[in-house]
Amino acid sequence: MKRILTLVFVSALGGLLTLGGYKLFVEQDTQKESLAVEQIEDTPIYVPTNTSPILNNTAVTPSFVEAAEKSIDAVVHVKNTAVVSGRYTMEDLFFGRSSQRQQIGTGSGVIISPTGYIVTNNHVIKNATEINITLNNNKVYTAELVGTDEGTDIALLKIEADEELPFMAFGDSDNAKVGEWVLAVGNPFNLNSTVTAGIISAKSRDLSGKNLQSFIQTDAAVNPGNSGGALVNTNGDLIGINTAISSRDGSYIGYSFAVPSNITRKIVNDIMEYGNVQNGILGVVGEALNSKAAERRGIDITEGFYVSEVTEDTGADKAGIQSGDIIQKLDDVKINKFSDLSGYLKTRSPGDIVSVTLHRDGDKKIVPVTLLRKNMTIIPIIGSVKNATEKELEKNNLEYGVKITDLIDDKEFESYWKENGVDEGSIITRINGQKLYTINDVEEAIKKRSYNQTFQIEILNKEGEKVVYNFR
C-alpha cells in the first residue's frame, strides 16, 4: 500500500514539474516571438464603411404613380394611312393596274394643349394621306397635319374635340440630370398606354455622326409604336419625345433616345407662328476638343469647341469671335462637344442674344452674340448656296436668285459644272420651275420634289446666259 502511494505522489510531482517548466520557459518564448512579429507589422489600412442604418426602400426609390397618372391620358395612339408605290408585277403590267398600295403605320403622340395640339415624330406620319388619333378613353379623331421638321423628326398635329383634353406641360430638359429617373409612355406593339421606367443614361447624343442631333439617352424600354410618345420625369413633366431605338432588329435592347423638350417646344412654337422652323445660327466652324484634338492643335485644353473658322456676316463674326477661340459655354450650358452647341442653339431663335464664354490666349472672355437667320444651305448635286445680295442681283439684271458659295466636293460634278461655265459666284434662279428668292425657297423646292421627279435647275452662268440643267 505504501509503495502505491509513493508511486502516485511521484507521478503527481513529475506532472507539476513539467507544467511549471512549460509555463516558465516555453510559453514565455512563444509570447516573445509573437510580440516580435507584431512589432514589425505595417500600420493596418482601414477601409471607410457606411454604418448608418439601412432605410426602407420606399424612402430612396421614387414613386412613379403620380407621374404616370399625369401622363397616361395625355398620350395617344397615332395611326397613319399612306399610299406607297410597290414593285410592278407581271399581272400589274398585263391588266394595267397601278402598283400603289395602302400602307398602315402606327405610333404615339402627346397632347400638349387642351385645344387638341399633338406632338409626334415626323417619321410616324410621313407621307400620310389620313391620320387618326385614338385617345386613352378609346375616342377616335381625324387629325390635321399642322407642320413638320424633318431635321429633328418632330411633327405637329391638331384634332377638334368637343371638350378640353388632358395634356402635358413641357418641362425644362436642360435641367434634366444623368442618373435621373424617367418614364417612357407610349403605345408599343399597338398596346394602349404602356409605361416603362429607367434612368437618363446620357445627354446630347448624336446618332447621325454628322453633329446634327442632340438626344436624351435613356434605358427605359422603348419598342416599335413608342415613337412620338412621352419621356416624363418623376414630377410628370414632359422632358422629351421618344424617337429612336438603338437596335439591330428595331426592338429594345438597352437604350432609346428622345428629342429634348426644349427643342420640341421651340419647333412647335415656330410652326404655330411662322409655319416653319426659324433657326438662329452662331456662325462658327470647328471641332469638339479631346486629348488627340488638343495635341493636334498644340493646346492643353481638352474640353470645349475649337473654332477653326468664322463664317462671314454672321453673329459670331460681328461679335469678334476669332479662329483659335475655344467656346466653353453658351449662356449657362457647358459645351463639351458639338451636339451640346447645336442642341442648345436649336432652342434659340434668330435675334436672340447668347452669352458665349470662350478661352482665348490664356484669357477667359464673355462675348454677347446676336443669332442671325440661316443664310446658307446645300443643294446636293451643286454645293453650298446663300442668299444673293441686292447688288449681286442688280449686277446680273436679276430680280431673284441665290449664289453658289462652294461647289460640291466631288471631282466629277465639280469638273462638270466648271466645264459648263458654272462656278462659285454663279446665280441659281429656279429649281423645278420655282423661283428662288431666298434659301428657304431652295429648301422648299427640294422638299417638294418627289423621288422619281426630274431635278431641273436654272443657272446664270459666267457668260450671262440662263441655262436649264436636268438630272434624274
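Here is a walk through this predicted model, from its overall make-up to its cores and aromatic pairs.

Start with the big picture. The chain has 472 residues, and 40% of them are buried. Its secondary structure adds up to twelve helices and 28 strands. If you take the contacts between residues at least 6 apart in sequence, 58% of them join residues at least 24 apart. On the outside, the chain exposes about 27,400 Å², with carbon and sulfur atoms supplying 50% of that area.

How far can you trust the coordinates? The average pLDDT is 83, and 80% of the residues score at least 70. Residues 30-44 are another story: pLDDT there is below 50, and the stretch has zero contacts in the model beyond near neighbours in sequence. Residues 54-59 also stay under 50, with one contact beyond four places in sequence. Where pLDDT is low, don't read the predicted coordinates in detail.

Now go inside. The largest nonpolar core holds 24 residues, and Val110, Ile112, Val119, Met168, Ala230 and Leu238 have the most contacts within it. Several elements supply at least two residues each, including helix H3 (65-71), strand S7 (154-158) and strand S12 (238-245). Helix H6 gives the most, with four residues. Met168 is a handy place to look around: beyond its neighbours within four places in sequence, its contacts include Lys70, Ala74, Val110, Ile112, Ala230 and Leu238. There is also a second, separate core of 19 residues, with Ile382, Ile428, Ala445 and Phe455 among them.

Strand S23 (residues 383-387) contains Ser384. Ser384 counts as buried because its relative accessibility is 16%, below the 20% cut-off. Setting aside neighbours within four places in sequence, Ser384 touches Met376, Thr377 and Ile378, along with Lys403, Ile404, Thr405 and Asp406.

On to the aromatics, which form ten pairs. Tyr400 and Tyr437 make a tilted one, 5.3 Å centre to centre with 50° between the planes. Both sit in loops, Tyr400 between H10 and S24 and Tyr437 between S26 and H12, 37 residues apart. Tyr400 is buried at 9% relative accessible area, while Tyr437 is partly exposed at 45%.

Tyr416 and Phe471 are edge-to-face, because their planes meet at 75°, with ring centres 6.2 Å apart. Tyr416 is in helix H11 and Phe471 in strand S28, so this pair ties together parts 55 residues apart in sequence. Here Tyr416 is partly exposed at 32% and Phe471 is buried at 16%. Ring pairs link these two with Phe413, Trp417 and Tyr469 into a cluster. Elsewhere, Lys158 lies over the face of Tyr117, 5.3 Å from the ring centre.

How values were computed:
Residues numbered from 1 in each chain as written. Predicted model: local features only at pLDDT ≥ 70, side-chain atom pairs only at ≥ 80, totals over all residues. Heavy atoms only, no water. Buried < 20%, exposed > 50% of the residue type's maximum accessible area, 1.4 Å probe, protein only. Contact = heavy atoms within 4.5 Å. Areas by Shrake-Rupley, 256 points an atom, 1.4 Å probe, with all protein chains shown as cover. pLDDT = per-residue confidence, 0-100. Core = buried A, V, L, I, M, F, W, Y, C linked by side-chain atoms within 4.5 Å. Phe/Tyr/Trp six-rings, centres within 6.5 Å; stacked < 30°, edge-to-face > 60°. Lys NZ or Arg CZ within 6 Å of the ring centre and 35° of its normal.
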